[in-house]
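Colleague: Mind if I quiz you on this one? Put it up and we'll go through it.

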Amino acid sequence: RPAPLVIRANSLRTTRDELKRALAAEGVETRETTYSSAGLEMLSSPGLKNLAAFLDGRFLVQDEAAQLVGMMVAPARGDTVLDACAAPGGKATHLAELMGNQGSVVALDSDAGRLNRLSENSTRLGSTIVRPVVGDAAIYREALFDKVLVDAPCSGLGVLRRHPDGRWTKGEKLVAERQAVQRRILENCAALLKPGGALVYATCTTEPEENEDLIHAFIASRRGEFRIDDPRPYLPPPAGPLVGPEGFFRTFPDEPSLDGFFAARLIRNG
């Protein structure tokens with residue numbers, strides 16, 4: 001199935017309603033997303049880079065499920081936040097918007113080239129608190145943070161509609177390889193979280209080995225240091241049903257028609 005083109009209104013410069021009207025004036029047909037209060041699905045467009053609303057930094061292309069992951073972090077104004085594996089910056093800039101551009105977002109990524117794209121997005125959107133840092137999330141140890149987002153590298157099986165070549169190039173071995181990397185990143189980034197702080201672990205895959213199995217094993221290994229937190233208070237009410245009884249957030253490309261994401265919100269006990 002074709003993936004929808006979804007954008008996130010930049011709350012530093014506009015609202016979703018204002019953006020919808022501005023895009024309509026430029027000949028773009030949109031409709032509001034079901035679950036994210038910041039999203040619009042573009043149904044027609046003359047091309048993104050031809051739009052004044054794009055050039056002015058009033059929106060960023062980001063799937064609805066990814067927008068909800070950022071909301072789960074729930075950063076406060078003035079927080080220090082780590083976005084591990086941050087490039088190309090969709091979630092990092094969203095965190096800055098949720099913080100009212102007050103505080104600090106360290107956007108960590110091992111790929112310097114992709115961080116250039118993050119810097120371009122931050123500049124266009126006016127997200128001045130986002131600081132790109134080249135580094136390995138499995139060993140980075142420069143500071144402690146109020147909130148941490150681990151947008152872990154994964155098998156990507158939840159976004160095959162955007163990358164259909166994966167049907168031929170990905171296999172079971174990749175899941176095991178990604179799980180090993182994810183475990184190292186989660187262990188390291190958890191140590192960077194202040195007591196009482198929140199860590200959101202997210203992937204764009206549907207595989208339990210990379211998702212709930214990994215989280216359960218991590219919680220058990222830390223012997224009460226971390227607990228799973230209910231993310232529903234931080235999500236728009238329509239997104240509440242996307243959270244299961246264990247407190248895990250899940251979306252699928254079939255129903256609802258979002259990218260396939262998993263996320264867990266963890267609290268480091270005080």
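Colleague: How much area does the protein chain expose, and what share do carbon and sulfur atoms supply?

Modeller: First, this is a predicted model, so local features need pLDDT of at least 70, side-chain atom pairs count only at pLDDT 80 or more, and totals for chains, interfaces and linings use all residues. Residues are numbered from 1 along each chain as its sequence is written, and side-chain values use heavy atoms, with hydrogens and water left out. By the Shrake-Rupley method with a 1.4 Å probe, the protein chain exposes about 11,800 Å², and the carbon and sulfur share is 50%.

Colleague: What percentage of the 270 residues count as buried?

Modeller: Buried here means under 20% relative accessible area, with a 1.4 Å probe and protein chains only. On that cut-off, the buried part of the protein chain is 54%.

Colleague: How many residues of helix α3 are buried?

Modeller: Helices are DSSP runs of H or I, at least four residues, numbered from the N terminus. Helix α3 spans residues 64-73 and is mostly covered. Its buried residues include Glu64, Gln67 and Met72. The count is ten of ten.

Colleague: Which residue caps the N-terminal end of α3?

Modeller: Look for a polar contact, a pair of N or O atoms within 3.5 Å, one able to donate a hydrogen and the other to accept it; residues adjacent in sequence count only if both atoms are side-chain atoms. A side-chain oxygen lies 3.0 Å from the backbone nitrogen of alanine 65, and the residue it belongs to is aspartate 63.

Colleague: And which residue just after α3 takes a positive phi?

Modeller: The phi is about 50°. The residue is alanine 74.

Technical notes. Buried < 20%, exposed > 50% of the residue type's maximum accessible area, 1.4 Å probe, protein only. Helix = DSSP H or I, 4+ residues; strand = E, 2+ residues; numbered from the N terminus.
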